[in-house]
Amino acid sequence: MNKFLTIFKGWYGVLVLILLAGGVLWFVNGGMPKIYSYINNLRENWEVRQLQAQWEKPYRDDTYGGKTPEETYDMFLDALRKGDTELASKYFVVDDQEKWAKTLSKFKEGKSLEAFTKERENIKNQWEKIETGDSDTVGFRYSFIIQKNTLSEFNGQKITIPAGNYTNETTLELNKYTKIWKISSL
C-alpha cells in the first residue's frame with residue numbers, strides 16, 4: 001500500500017493524475033455519448049422488434065387455409081355451403097377478413113348466400129391457372145357472360161352492369177408465416 005502512495009508523491013504522481021484526469025475527460029466527452037448512443041440504439045431496436053412482433057401476430061396466428069390454393073378455396077366453399085359466413089371469411093387474407101365477414105353476412109341475411117356459393121362453385125369449374133411471376137401468389141382466370149343489363153349495388157351505390165362477356169380472376173396468396181394459402185381477391 002505504501003508503494004502505491006509513494007507514486008503520487010513525485011512527478012510520477014502528477015503524470016498519473018494527468019493521465020487519470022484525461023481519461024475521465026475523454027470518457028465523459030467521448031465515451032459517454034457513445035455509450036448513451038449504444039444504449040439508445042439497443043432500446044430502439046427492442047422497440048422495433050416489439051412493434052414488428054405485434055404487427056406479425058395476426059399473420060402468425062392465422063391457421064385457416066389449406067396447403068394448396070385449391071384446398072383453401074374448397075374449404076371456403078364448404079363453409080359457404082354450411083352457411084358459416086364467419087368461417088368462410090377466415091379463408092381470406094388477414095387484412096380482408098373483417099370486410100368479407102360483413103359482406104358474406106349481408107348475403108346470408110339477404111338470402112343470396114346460396115346463389116353466391118353456386119356462382120363460386122361454377123367459377124371454380126372453369127378456372128384457368130395463370131402465372132403471376134411470384135411463387136407466393138396464384139391466380140385463376142375465369143370468364144362469364146351477363147345476358148342482359150343488370151342493376152347492382154356496390155358500396156352503397158347502384159350501378160348498371162351492361163350485358164356482355166367478362167373475364168375476372170381469383171387470386172390466392174401464401175401466408176409466409178404459417179405456409180397456408182389465403183384468398184386475396186375473388
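# Working through a predicted fold

Glu173 has Lys182 in strand 6 as its bridge partner. Keep that pair in mind as you go, and remember that this is a predicted model.

**Exercise 1. Find out which elements make up the protein chain, and in what order they come.**

Step 1: Count the elements. The protein chain has six helices and six strands.

Step 2: Read them from the N terminus on. The pattern is α-α-α-α-α-α-β-β-β-β-β-β.

Step 3: Look at burial and contacts. Of the 186 residues, 27% count as buried. Take the contacts between residues at least 6 apart in sequence: 53% of these join residues at least 24 apart.

**Exercise 2. Work out how strand 5 and strand 6 are joined, and what sits in the turn.**

Step 1: Start from the pair you already know, Glu173 and Lys182. Another pair is Thr171, whose bridge partner in strand 6 is Ser185.

Step 2: Get the direction and the number of bridges. The two strands run antiparallel, and five bridges join them.

Step 3: Go to the connection. Strand 5 and strand 6 form a hairpin, with four residues between them.

Step 4: Check the backbone in the turn. Lys179 lies in the loop between strand 5 and strand 6, and its phi is near 60°, a positive value in a residue other than glycine. Here's what makes that worth a look: most residues other than glycine have a negative phi.

Step 5: Is Lys179 buried or exposed? Exposed counts as over 50% relative accessible area. Lys179 is exposed because its relative accessible area is 51%.

**Exercise 3. Build up the open sheet around this hairpin, then place a helix on it.**

Step 1: Move to the other partner of strand 5. Strand 2 pairs with strand 5 in the antiparallel sense, over ten bridges. Val138, for instance, stands opposite Leu172 in strand 5.

Step 2: Write down the strand order. The open sheet has four strands in the order 1-2-5-6, with antiparallel pairing.

Step 3: Pick out the edges. Strand 1 (128-130) and strand 6 (180-185) are the edge strands, as each pairs on one side only.

Step 4: Add the twist. Ignoring direction, neighbouring strands of this sheet are turned by 35° against each other on average.

Step 5: Put the helix in place. Helix 3 (residues 69-81) packs on the sheet and touches strand 1, strand 2 (137-146), strand 5 and strand 6. The direction of helix 3 makes about 70° with that of strand 6.

**Exercise 4. Describe the second largest pocket and say which elements line it.**

Step 1: Begin with the volume, which is about 240 Å³.

Step 2: Find the lining. There are 15 lining residues, and Tyr59, Glu173, Leu174, Asn175 and Lys176 lie nearest the centre of the pocket. So here's Glu173 from the opening pair again, as one of the residues nearest the centre.

Step 3: Trace the elements. Helix 2 (11-61) and strand 5 (164-175) are the ones that give two or more residues to the lining. Strand 5 gives the most, with three residues.

Step 4: Sort the lining by type. You get six nonpolar, two polar and seven charged residues.

**Exercise 5. Compare three spots outside the sheet: Ser89, Lys111 and Lys148.**

Step 1: Place Ser89. This residue lies in helix 4 (residues 85-89). Buried means under 20% relative accessible area, so Ser89, at 2%, counts as buried.

Step 2: See what Ser89 touches. Leaving aside its neighbours within four places in sequence, Ser89 is in contact with Gln97, Trp100, Ala101 and Leu104.

Step 3: Go on to Lys111, in the loop between helix 5 (97-109) and helix 6 (113-125). Phi of Lys111 is near 60°, a positive value in a residue other than glycine. Lys111 counts as exposed because its relative accessibility is 73%.

Step 4: Finish with Lys148, in the loop between strand 2 and strand 3 (150-154). Lys148 is exposed too, with a relative accessible area of 65%.

Step 5: How far apart are Lys148 and Ala163 in sequence, and how far in space? They are 15 residues apart in sequence and 4.5 Å apart in space, C-alpha to C-alpha. Leaving aside its neighbours within four places in sequence, Lys148 is in contact with Ile161 and Ala163.

Notes
Residues numbered from 1 in each chain as written. Predicted model: local features only at pLDDT ≥ 70, side-chain atom pairs only at ≥ 80, totals over all residues. Heavy atoms only, no water. 1 Å grid on protein atoms, 1.4 Å probe; cavity = no way out; pocket = protein on both sides within 12 Å on 5 of 7 lines; lining within 4 Å. Points joined across faces, edges and corners; volume = space filled by probe spheres on them. Nonpolar A, V, L, I, M, F, W, Y, C, P; charged D, E, K, R; others polar. Pairing = 2+ DSSP bridges. Axes fitted to C-alpha atoms, helices over the stretch in contact; angles between N-to-C directions. Contact = heavy atoms within 4.5 Å. Buried < 20%, exposed > 50% of the residue type's maximum accessible area, 1.4 Å probe, protein only.
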